[in-house]
Amino acid sequence: MIVLRSLVLFALAALFEIGGAWLVWQGVREHRGWVWIGAGVIALGLYGFFATLQPDANFGRILAAYGGVFVAGPLAWGMAVDGFVPDRWDVTDALVCLAGVAIIMYAPRPA
């Protein structure tokens, strides 16, 4: 159950960080304005909140593992929102990074 909670928290953190960055991008690069930018900044703050709820108490481990989520997540976001089609190297990279997340977060460690 702890692993499932952790995975849900990673997914929520990814949603808010990637979504927040996308909103800022839309506000600045696509000239959608300050409301989009402000919503993005709020979403980015919520990302930080969700990261603190991970069951592991080690900040460095959580953020290192989240780095792998952040590699795979934007590719999925781009596919869902922007019509991006990843190539085989994008997919390979995402899978390698997610394997790294599994190792750093869920490998057995001495108590």
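These are my notebook entries on the helices of this chain and on a few of its residues.

**Entry 1: the overall picture**

I began by reminding myself that this is a predicted model. I then looked up the secondary structure and found four helices and zero strands. Read from the N terminus, the elements run α-α-α-α. For the extent of the C-alpha trace, I noted about 50 × 35 × 20 Å along the principal axes. I also looked up burial: of the 111 residues in the chain, 30% are buried. Next I turned to the contacts with a separation of 6 or more, and 66% of them join residues 24 or more positions apart.

**Entry 2: helix 1 against helix 2**

Packed helices come down to two values for me, since a pair is described by the angle between the axes and the distance between them. For helix 1 and helix 2 I wrote down an angle of about 160 degrees and axes 7 Å apart. Angles over 145 degrees count as roughly antiparallel, so helix 1 and helix 2 are roughly antiparallel to each other. Their crossing is left-handed. I sorted the residues of this contact by class and got 18 nonpolar, four polar and one charged.

**Entry 3: helix 1 against helix 3**

Which way do helix 1 and helix 3 cross, right-handed or left-handed? I found a right-handed crossing here. The axes of helix 1 (residues 2-29) and helix 3 (residues 59-82) come within 9 Å, and the crossing angle is roughly 60 degrees. That angle falls outside the ranges for roughly parallel, roughly antiparallel and roughly perpendicular, so this pair is oblique.

I listed who makes the contact. From helix 1 the residues include Phe10, Ala13, Ala14, Leu15, Ile18 and Trp22. Glu17 and Gly19 of helix 1 belong to the contact as well. On the helix 3 side I noted, among them, Ile62, Ala65, Tyr66, Val69, Phe70 and Trp77. Gly73, Pro74, Val81 and Asp82 also take part from helix 3. By class, the residues of this contact are 14 nonpolar, two polar and two charged.

**Entry 4: helix 1 against helix 4**

Helix 4 covers residues 88-106, and its axis is 12 Å from that of helix 1, at an angle of about 130 degrees. Helix 1 and helix 4 are therefore oblique to each other. Helix 1 passes helix 4 in a right-handed crossing. Val3, Ser6, Leu7 and Phe10 of helix 1 meet Val101, Met105 and Tyr106 of helix 4. I counted the classes here too: six nonpolar, one polar and no charged. Phe10 caught my eye, as it appears in the contact with helix 3 and in the contact with helix 4.

**Entry 5: Leu7**

I stayed with Leu7, which sits in helix 1. Its relative accessible area is 43%, so Leu7 is partly exposed. I also checked its C-alpha distance to Asp56: the two are 49 residues apart in sequence and 12 Å apart in space.

**Entry 6: Asp56**

That distance took me on to Asp56, in the loop between helix 2 (34-52) and helix 3. What does its side chain pair with? I found a polar contact of 2.9 Å between the side chains of Asp56 and Arg61. A polar atom of the Asp56 side chain also lies 2.7 Å from the backbone nitrogen of Asn58. Leaving out residues up to four places away in sequence, Asp56 touches Arg61, Ile62 and Met105. Two of these names were already in my notes: Ile62 from the contact of helix 1 with helix 3, and Met105 from the contact of helix 1 with helix 4. I looked up Asp90 as well, and found it 34 residues from Asp56 in sequence and 29 Å from it in space, C-alpha to C-alpha.

**Entry 7: His31**

My last stop was the loop between helix 1 and helix 2, where His31 is placed. Most residues other than glycine have a negative phi. The phi of His31 is near 55 degrees, a positive value. Is His31 buried or exposed? With a relative accessible area of 70%, His31 is exposed, the cut-off for exposed being over 50%.

Methods
Residues numbered from 1 in each chain as written. Predicted model: local features only at pLDDT ≥ 70, side-chain atom pairs only at ≥ 80, totals over all residues. Heavy atoms only, no water. Axes fitted to C-alpha atoms, helices over the stretch in contact; angles between N-to-C directions. Helix = DSSP H or I, 4+ residues; strand = E, 2+ residues; numbered from the N terminus. Parallel < 35°, antiparallel > 145°, perpendicular 65-115°, else oblique. Left-handed = near helix turned anticlockwise from the far one by under 90°. Contact = heavy atoms within 4.5 Å. Nonpolar A, V, L, I, M, F, W, Y, C, P; charged D, E, K, R; others polar. Polar contact = N/O pair within 3.5 Å; in protein donor to acceptor, adjacent residues only side chain to side chain. Buried < 20%, exposed > 50% of the residue type's maximum accessible area, 1.4 Å probe, protein only.
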